Amino acid sequence: KPASSPPPAPNNCGTNPTTIVLTSPKTVTRNTTIKGASRVTLSGNLQTRLLDVASGATLSLDHIVLEKAFSAATDGAAINSHGRLALSNATIRGSIS
């Protein structure tokens, strides 16, 4: 019998703008949607890439800001995607690759 998908994670960021600082890239290995509700910013503090999308996975980002990502490589500071990537009302700013 096929494995069921995990339930969606609730958005518990409240009603105020929230910045989540990542200290290492987060790897997306299954189809994932992140809805920022125009209040969420993911930041790498110019220390790390934010997201890696694995082959076969789809990442959808909606109403979110990605900022201050860093990668010494030339394959993208904020997101390195080997899968599918969909951006809707997403902003990438202040990142260095």
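Here are a few notes on a predicted model, offered point by point for you to follow in the structure.

1. **The sheet.** A good place to begin is the open sheet, in which 3 strands run in the order β2-β4-β6 with parallel pairing. The edge positions are taken by β2 (26-28) and β6 (79-81); each has a single partner strand, so one side of each is left without a neighbour in the sheet. On average, neighbouring strands here are turned by 15° against each other, direction ignored.

2. **The β4 and β6 pairing.** If you look at β4 and β6, you will find them paired in the parallel sense over 3 bridges. For a residue to click on, try Val53, whose bridge partner in β6 is Ser81.

3. **Ser43.** This residue belongs to strand β3. Is Ser43 buried or exposed? Its relative accessibility is 1%, and because buried means under 20%, Ser43 counts as buried. Leaving out residues up to four places away in sequence, Ser43 touches Thr19, Ile20, Val21, Leu22, Leu50, Glu67 and Lys68. Its side chain also reaches the backbone nitrogen of Asn45, at 3.1 Å.

4. **Asn45.** That brings us to the other end of this contact: Asn45 lies in the loop between β3 and β4 (51-53). Asn45 is worth a look for its backbone, since phi is positive at about 50° although the residue is not a glycine. With 42% relative accessibility, Asn45 counts as partly exposed, whereas Ser43, whose side chain reaches the Asn45 backbone nitrogen, is buried at 1%.

5. **Ala37.** Here is another backbone angle to check. Phi of Ala37 is near 50°, again a positive value in a residue other than glycine. Ala37 is found within a strand, namely β3 (residues 32-43), while Asn45 sits in a loop. The relative accessible area of Ala37 is 34%, which makes this residue partly exposed.

6. **Leu87.** Finally, have a look at strand β7 (residues 84-93), where Leu87 lies. What does Leu87 contact, leaving aside its neighbours within four places in sequence? The partners are Leu61, Ile79 and Ile92. There is also a approach along the backbone to inspect: the C-alpha atoms of Leu87 and Asp62 are separated by 6.2 Å, with these positions 25 residues apart along the chain. Leu87 has a relative accessible area of 45% and is partly exposed; the reason it is not called exposed is that this term needs a value over 50%.

Conventions
Residues numbered from 1 in each chain as written. Predicted model: local features only at pLDDT ≥ 70, side-chain atom pairs only at ≥ 80, totals over all residues. Heavy atoms only, no water. Helix = DSSP H or I, 4+ residues; strand = E, 2+ residues; numbered from the N terminus. Buried < 20%, exposed > 50% of the residue type's maximum accessible area, 1.4 Å probe, protein only. Pairing = 2+ DSSP bridges. Axes fitted to C-alpha atoms, helices over the stretch in contact; angles between N-to-C directions. Polar contact = N/O pair within 3.5 Å; in protein donor to acceptor, adjacent residues only side chain to side chain. Contact = heavy atoms within 4.5 Å.
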